Amino acid sequence: MIQAETLELLEWHRLCQHLATFAATKLGAIASTNLPIPTSQSVSEQLLAQTKEVYQLESRLTTSLSFDGIQDIGDSIERAELRGILAGDELLAIATTLAGARNLRRVIDNQEDIPVLTELVADLRTYPELEQEIHRCIDERGNVADRASQKLSEIRDELRKLRSQINQKLHNILQAKSNAVQEQLITQRGDRFVIPVKASHKDVIPGIVHDTSTSGVTLYVEPNSIVPMGNQLRQTLKREQAEEEAIRRALTEQVAAVTPDLERLLAIVTTLDLAAARSRYSYWLKANPPRFINRDEQEIITLRQLRHPLLVWQQQHEQGHAVIPVDLLVSPHIKVVTITGPNTGGKTVTLKTLGLAALMAKVGLFIPAREPVEMPWFDQVLADIGDEQSLQQSLSTFSGHIRRISRILNALENEDEPHSALSEKLRAEVPSVEQTSVTQHSALVLLDEVGAGTDPAEGSALAIALLQYLAEHAQLTIATTHFGELKALKYEDARFENASVEFDEATLSPTYRLLWGIPGRSNALAIALRLGLKPEVVEQAKTQVGEASDEVNQVIAGLEAQRRRQETKAAEAQKLLQQAERLYKEVSDKAAALQEREKSLRVSQEVAVQQAIAQAKGEIAQVIRRLQQGKPTAQDAQQATNALNQITQKYQPAPAPKPKIGFMPKVGDRIRISQFGQTAEVLTAPDEDGELNVRFGIMKMTVKLQDIESLDGQKAEPIVKSKPAPAPTTPPPQAAPAIRTSKNTVDLRGKRVADAEIELDKAISEANGPIWIIHGHGTGKLRQGVHAFLQQHPRVSSYEPAEQADGGSGVTIAQIS
């Protein structure tokens with residue numbers, strides 16, 4: 001009973017309804033709404049593994065896991081097993097469900113690293129032959145198709161023929177007796193064909209009256225001449241129905257024969273849909289998978305930035321307020337946490353958030369908290385939240401709390417220790433820790449306003465005894481209270497811890513933040529003063545409270561202020577850390593990009609060098625072939641040499657830039673000594689040997705000019721002792737004759753003068769020496785146009801016809817300056 005009460009108090013049904021909206025099938029939605037709570041940790045871990053693998057699978061797929069075609073065929077399977085005959089749409093639903101399940105299994109089988117889902121669908125039987133047989137016999141509208149049997153096809157051919165004959169006969173009557181009919185219309189009443197006849201002319205068309213219009217002026221008559229055909233049509237329709245029923249019966253028998261496998265198929269598909277719903281809901285919540293810990297192994301309960309899932313839903317779908325997360329970090333030795341603070345501060349919400357988180361982990365849902373999410377597996381989640389006051393049962397607030405707490409203790413009580421003994425201990429307000437040897441259950445107990453609703457002294461004593469009992473019998477207890485005496489339990493028993501909800505006195509509103517290690521303090525007097533209560537009344541109240549209580553509140557206020565300062569510093573440090581990480585990532589990315597760019601440039605340079613080498617080899621080969629043609633002369637050798645020199649200059653890499661020269665150090669200048677990489681001060685000017693004295697630090701030394709440079713990298717001018725006699729000048733060598741290549745030859749044959757001028761101008765602008773212009777003989781107009789263009793071009797110093805071996809008057813050589 002207390003388990004069901006706890007689920008109701010935590011509003012578990014609302015969370016299940018939210019989960020159902022993420023289900024893809026009707027069966028999945030029903031299962032989500034009635035979600036069972038596992039009774040063993042192994043089942044919870046199995047459910048969590050399913051959720052993780054679906055989450056992982058859907059992150060790989062371009063679309064979410066598809067459940068198209070899967071329907072709730074449970075009632076149809078049950079009726080088939082009871083030898084009922086299924087309708088066509090029910091059979092069609094079975095076929096589409098088989099196909100949908102097969103597609104699901106195919107998707108899962110094609111993926112790796114999802115062993116739990118793979119094992120789940122391993123035994124899934126989808127009976128493709130049954131699906132094909134259903135589709136052969138039932139069309140997409142759920143009707144039995146003509147192709148289902150030869151007999152049915154023949155019956156329907158006969159029906160079509162009979163209907164055609166009846167229609168033809170009635171058309172003839174309508175034309176022949178047009179004055180007696182109300183309108184040219186053939187209709188049906190039941191399975192009989194009729195025509196509308198005027199009531200005043202009913203004797204003109206004798207027959208059976210099947211219906212009358214509302215006004216009574218129209219009779220719907222089946223003429224006597226088609227009655228036999230109508231009877232025959234009715235008999236044929238009955239034969240059709242019998243044949244359709246026989247076909248559906250045969251299909252139903254095939255379904256009944258595999259009922260166990262179909263039931264298992266439905267169970268597997270529902271399990272998959274439920275896992276997919278958990279995964280999608282967890283993704284929507286931005287939740288993370290929990291890890292079940294063992295507190296006996298000194299593991300800490302870690303729930304950072306924990307949010308209430310129902311409040312998240314309210315914020316997203318119902319325009320609710322922003323959700324304030326809480327941090328829950330509980331050491332392994334802590335068994336009881338007492339939360340104090342003002343009303344509406346978020347104490348009860350914290351209890352419900354933790355209770356829902358424990359239940360969500362048990363059913364395989366992720367927890368809406370920041371990673372890592374670590375908590376025990378609680379075999380029971382028991383809560384006393386809210387007011388159970390009842391007028392009908394004559395229960396006060398205190399009585400309602402005590403009855404519910406009694407049910408919680410009954411659920412926890414060990415069989416070897418009768419509950420009556422515990423009740424006696426509680427009545428005596430004596431802690432049970434030192435009096436009995438008990439067995440601790442792995443339960444989470446949530447108590448709201450423990451001990452409230454009665455005399456404060458007795459309520460406080462009862463609350464202390466109850467919490468000490470729960471420290472022995474429950475895995476973890478979280479209790480909210482206003483009793484100041486409960487704050488002291490932490491300093492008497494290491495299993496107790498204090499926490500409080502923060503309250504902003506400046507705004508007179510709660511911040512909903514949970515502060516650990518600091519008990520809550522009373523804010524009633526400060527709030528009363530800010531709300532306008534007379535100061536003298538507040539001062540009088542302070543004297544009633546006493547100095548000790550005021551000192552405690554001041555100490556707590558100091559602790560809270562210190563905590564806020566530490567949190568501010570921690571936030572600043574975290575911000576700096578994030579900035580450092582971001583800068584490190586940016587620098588790393590830029591370094592990687594530069595390395596990639598350097599690699600790309602190196603590759604492109606190597607390709608360019610290889611291309612240049614190949615091109616140079618080709619031009620050298622042309623020179624060699626030209627020398628090999630005929631008898632080489634000295635002039636040919638000179639031309640070949642010059643051509644090779646040009647090729648060398650063209651493809652030889654440019655020399656590295658020489659260091660700047662022109663710096664002459666003077667006394668007092670700052671220079672850099674290249675050998676040591678140190679800066680120094682010049683003490684003396686350079687002498688004839690190029691030596692000078694410098695000082696760096698406390699040391700003095702003599703250095704040479706070639707060993708120093710200016711701070712901007714200029715080398716010093718060398719010392720010139722005496723100007724040597726000028727060497728005899730030799731006349732510059734005569735320019736070697738140019739060699740004609742494909743690069744300096746322009747072929748203009750067949751072009752008009754205007755087009756030739758454009759191409760020629762381009763060749764002249766790119767030329768570094770003479771060019772050979774092939775214009776041919778022809779009519780001579782192209783040659784004249786070329787010569788006229790060369791005559792006026794500023795870069796052409798002269799031009800002349802080529803030698804006879806090079807084309808004679810059909811080729812012109814232009815000297816480019």
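Start with the aromatic rings: there are 6 aromatic pairs in this structure, which is a predicted model.

Select Phe 22 and Trp 284 for your opening stop. Their rings make a tilted pair, with 6.3 Å from centre to centre and 50° between the planes. Now colour by sequence position: Phe 22 is in the loop between helix H2 (12-20) and helix H3 (26-33), while Trp 284 belongs to helix H11 (residues 259-285), so this pair ties together parts that sit 262 residues apart in sequence. Switch on the surface and check each partner. Phe 22 is buried, at 17% relative accessibility, whereas Trp 284 comes out as partly exposed at 25%.

Next, pick Tyr 55 and Tyr 283. The ring centres are 6.1 Å apart and the planes meet at 55°, so this pair is tilted. Here too distant parts of the chain are linked: Tyr 55 is in helix H4 (residues 41-60) and Tyr 283 is in helix H11, 228 residues away. With the surface still on, you'll find Tyr 55 partly exposed, at 30% relative accessibility, and Tyr 283 exposed, with a relative accessible area of 59%.

Go back to Phe 22 and Trp 284, and add Tyr 281 and Trp 313 to the selection. Ring pairs join these four residues into a cluster.

Two more stops bring in charges. Select Arg 189 with Tyr 220: the charged end of Arg 189 sits over the Tyr 220 ring, 4.2 Å from the ring's centre. Then jump to Lys 362 and Trp 377, where the lysine lies over the face of Trp 377, 4.6 Å from the ring centre.

Notes
Residues are numbered from 1 along each chain as its sequence is written. This is a predicted model: local features need pLDDT of at least 70, side-chain atom pairs count only at pLDDT 80 or more; totals for chains, interfaces and linings use all residues. Side-chain values use heavy atoms; hydrogens and water are left out. Rings of Phe, Tyr and Trp (its six-membered ring) pair if their centres lie within 6.5 Å; planes under 30 degrees apart count as stacked, over 60 as edge-to-face and the rest as tilted. Helices (H or I, at least four residues) and strands (E, at least two) are DSSP runs, numbered from the N terminus. Buried means under 20% relative accessible area, exposed over 50%, partly exposed in between (1.4 Å probe, protein chains only). A charge sits over a ring if NZ of Lys or CZ of Arg is within 6 Å of the ring centre and within 35 degrees of the ring normal.
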